[in-house]
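Q: Please take a close look at one helix of this model and at the parts that surround it. I would like one connected account, with the cut-offs behind each term.

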Amino acid sequence: MVDGIDRALLTRLQRDAAQSYAALGDAVGLSAGSAHERVRKLRERGVIRRTTVDVDPAAVGRGVLAFVMLGANAWMGDAATCDALAAIPEIQEAHIIAGAASVLVKIRTATTEDLQAVLRRLFAIDGVTSTQTLVVLESFFERPIDVHDQRPDGQERSPVP
């Protein structure tokens, strides 16, 4: 069960995962030790999957962002497809989707020429028959997951186990 204090901890950690347990505890009304214990339990239960940093892609030469939908002639949800996609380092995310396409990937490259090279590698994956590429011109924002349990109308939902 993720309670209100856990949700508050998660919200603060998504903003800055490097803050001290004392600062976390102060923010949610717990001691540093209690905050540490709650975070440890959230990690153990898999609620917190990893701790990372948010790197500016353009600052490290990955300023081109594209989303690519892959068409296929067969089911793409197998380990071989996952392994083939994971072997392409420019792919940041890969998702099986419903609709006209079978897979959606998020790609970051330095140039459009590099993006074209990635597209060629995608076509080499067994079963891929087409791609539809959307190149991002500008991103308004990327936000962390809203861990507060509210419906679209702003009302609280019942507790989530």
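**Helix α1 and its surroundings**

A: In this predicted model, a polar atom of the glutamine 19 side chain lies 2.9 Å from the backbone oxygen of aspartate 16, a polar contact being a pair of N or O atoms within 3.5 Å, where within protein one must be able to donate a hydrogen and the other to accept it, and residues adjacent in sequence count only if both atoms are side-chain atoms. Residues are numbered from 1 along each chain as its sequence is written, and side-chain values use heavy atoms, with hydrogens and water left out. Because the model is predicted, local features need pLDDT of at least 70 and side-chain atom pairs count only at pLDDT 80 or more, whereas totals for chains, interfaces and linings use all residues.

Glutamine 19 sits in the loop between α1 and α2, where helices (H or I, at least four residues) and strands (E, at least two) are DSSP runs numbered from the N terminus. The side chain of glutamine 19 also reaches the backbone oxygen of arginine 12, at 2.9 Å. With a relative accessibility of 16%, glutamine 19 counts as buried, since buried means under 20% relative accessible area, exposed over 50% and partly exposed in between (1.4 Å probe, protein chains only). Leaving aside residues up to four places away in sequence, glutamine 19 touches Arg12, Leu13 and Leu24, contact meaning heavy atoms within 4.5 Å.

Helix α1 itself covers residues 4–15, and its 12 residues should span 16 Å at 1.5 Å a residue, which agrees with the 17 Å between its end C-alpha atoms; the expected span is 1.5 Å times one less than the number of residues. At the N-terminal end of α1, aspartate 3 acts as a cap, with a side-chain oxygen 3.1 Å from the backbone nitrogen of isoleucine 5. The buried residues of α1 are Asp6, Arg7, Leu9, Leu10, Thr11 and Leu13, and these pack against α2 (21–28) and α3 (32–44).

A further partner of this region is valine 147, found in the segment after β4 (128–136). Valine 147 touches Arg7, Leu10, Thr11 and Gln14, not counting residues up to four places away in sequence, and it counts as buried at 14% relative accessibility. Valine 147 and isoleucine 91, by comparison, are 56 residues apart in sequence and 26 Å apart in space, C-alpha to C-alpha.
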